[in-house]
Amino acid sequence: MNAAWKNVRADFPILDQQVNGHPLVYLDNAATSQKPSCVIDALANYYRKDNANVHRGIHTLSMRATFAYEAARERAAKFLNAAEPGEIVFTAGTTDSINLVANAWGDENLKPGDVILLTEMEHHSNLVPWQLLARRTGAKLRYLPVVAGDTGLLDLAQLPTVLTPEVKIFAFTHVSNTLGVINPAAELCAAAKKVGALTVVDAAQSAGHLPLDVRAMGCDFLAVSGHKMCGPTGVGLLYGRKTLLDAMPPYRGGGSMISSVEYFESKWAPAPAKFEAGTPNIADVIALARAMDYLDDLGREAIAQHDEKLAALAYARLLDEVPGIRILGPAHHRSGVVSFDLPGVHAHDVVTMADQEGVALRGGHHCNQPLMKKLGLSSTSRASFYLYNTEAEIDRLVATLQKISKFFTG
Ligand code: 7TS
């Protein structure tokens, strides 16, 4: 670990507070991460010094804002190892990015008889847009199963059966927000390519956590949320291979996405502008680029190792020290997400009581209702770790869950 890690907790002012009389232990990072001071400052400084609309003004502030906005696109392309900045479309986040592909690519390219392949572990935001698309086009949905049991691994033995030439698009999550499993994205993309299917990778849970290289992965599209990777809320991006973006029609119309407009027809600007109608989320895009710098200063490989170490430790300790606990997902090679069920205690009670101890968890179906049903659960509690979490916080988690378990089961 390099020097940037030395005072990592001090970079996040929000962590230094008491909740219900206890020092905060923030373990809800899969929902949203906290923001380092440098990102908060980037936002504030933009509004203090540079705020102006982009792409249309020729005064100094507008040019400054445009420069910073387009520099953020270059930064994002570098972050993902995209071939060029034109492959980055700024969006409101993962949900928005997936809807963009489902609408702009899907409506143009799918017909009855085509198949959209998903996996059984998808978040609703990588499920519902495809259901809507299937309804509009007559294409069918198909699922790559998760193996029986609690390991949460995809059943790769089923891949040849479900990934047939009728599959036109295969959308899957890189990291599950409920199971913590890291899917073999490059392998899945290579298999899809063999049958001529495009791939959409949901990187909401991986973008700020693992090294990401879209060209090594071989994906066609990849969706990212800024707020889960130390960036602001309401901003994210879609990576798309340039030839695909160029061929896709726009999905929303408005200012900035055209080359010319007449009363009865218009011509589109080239990608990515074609997909960024209206005034974009300038300040948040600029702050997101700052978050990318922050993450790369720490090193994404080091962040991945830190997450995995804490998750493996939490997995082992909870299993050993909390009677009867059921933990979802693999024991090793996992992300920082640890979902569990305390028998006889509803997840909302777990989360409410943990909050009394200053421990922030999440409880519910985590926007994974079909997966929950398959696992025979209505909800789970979830601890999710990130770069600023510590082993001492796992002590607090274990002690809290022991207390809750004792309270309910005596
Ligand atoms: N995909 C995955 C795998 C996610 O975990 C989430 C959000 C999304 C997509 C949607 O991201 P958004 O930024 O567009 O909302 N996951 C969660 C979660 O697990 N708890 O709160 C949000």
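In which helix is Thr400 found? Thr400 belongs to helix H13, which covers residues 391-409. The structure described here is a predicted model. Within it, Thr400 counts as buried because its relative accessible area is 4%, and the cut-off for that word is under 20%. Leaving aside residues up to four places away in sequence, Thr400 touches Ala354, Glu357 and Val359.

From this residue the text turns to the helices. Helix H1 runs over residues 37-50 and has 14 residues. From its first C-alpha to its last, H1 reaches 19 Å, close to the 20 Å expected at 1.5 Å a residue. Four names make up its buried set: Cys38, Val39, Ala42 and Tyr46. These buried residues of H1 pack against two helices, H2 (60-80) and H9 (282-298).

The loop between strand S12 (266-268) and H9 holds Pro272. The peptide bond that joins Ala271 to Pro272 is cis, and its omega is near 5°.

Helix H3 (94-109) can be checked for length in the manner of H1. Its 16 residues should span 22 Å at 1.5 Å a residue, and its end C-alpha atoms are 21 Å apart, which agrees. H3 is largely enclosed by the rest of the structure, because 12 of its 16 residues are buried. They begin with Thr94, Asp96, Ser97, Ile98, Asn99 and Leu100, and the list goes on with Val101, Ala102, Asn103, Ala104, Trp105 and Gly106. The cover over the buried residues of H3 includes strand S4 (88-91), helix H4, and strands S7 and S8. Strand S9 (221-225) and strand S10 (236-240) are also among the elements that cover them.

Helix H4 itself spans residues 128-137, and its buried residues are Pro129, Trp130, Leu133, Ala134 and Thr137. Why do they lie on the same side of H4? They cover an arc of only 140° around the axis, and this puts them on the same side of the helix. What the buried residues of H4 pack against is helix H3 together with strands S5 (115-119), S6 (140-144), S7 (167-173) and S8 (198-202). Just after H4 comes Gly138, which takes a positive phi of about 85°.

Strand S8 appears in the surroundings of H3 and of H4. Thr199 has its place in this strand. With a relative accessible area of 1%, Thr199 is buried. Residues up to four places away in sequence again left out, Thr199 touches Phe170, Phe172, Cys189 and Ala192, and also Gly218, Cys219, Asp220 and Phe221. Leu318 is 119 residues from Thr199 in sequence, and their C-alpha atoms are 36 Å apart in space.

Strands S9 and S10 are linked by a loop in which His227 lies. His227 has a relative accessible area of 18% and is therefore buried, since the word applies under 20%. Apart from residues up to four places away in sequence, His227 touches Ala31, Thr32, Ser33 and Lys35, as well as Pro232, Thr233 and Val235.

Two further loop residues are set apart by their backbone angles. Ser256 is not a glycine, yet it has a positive phi of about 75°. Ser256 sits in the loop between helix H8 (242-247) and strand S11 (258-261). Its relative accessible area of 28% makes Ser256 partly exposed. His366, also not a glycine, has a positive phi of about 55°. The loop that holds His366 lies between strand S16 (362-364) and helix H12 (369-374). Is His366 buried or exposed? At 7% relative accessibility, His366 counts as buried.

The model also contains a ligand, with 15 residues around it. Which of them come nearest? Those are Thr95, Asp202, Gln205, Ser225 and Arg382. For Gln205, an N or O atom in the side chain is 2.7 Å from an oxygen atom of the ligand. For Arg382, a polar side-chain atom lies 2.7 Å from a ligand oxygen atom. An N or O atom in the side chain of Asn177 is 2.9 Å from an oxygen atom of the ligand. Taken alone, the ligand exposes 490 Å², and the protein buries 86% of that.

Notes
Residues numbered from 1 in each chain as written. Predicted model: local features only at pLDDT ≥ 70, side-chain atom pairs only at ≥ 80, totals over all residues. Heavy atoms only, no water. Expected span 1.5 Å × (residues − 1). Buried < 20%, exposed > 50% of the residue type's maximum accessible area, 1.4 Å probe, protein only. Contact = heavy atoms within 4.5 Å. Arc of directions from axis to C-beta. Near = heavy atom within 4 Å. Polar contact = N/O pair within 3.5 Å; in protein donor to acceptor, adjacent residues only side chain to side chain. Areas by Shrake-Rupley, 256 points an atom, 1.4 Å probe, with all protein chains shown as cover.
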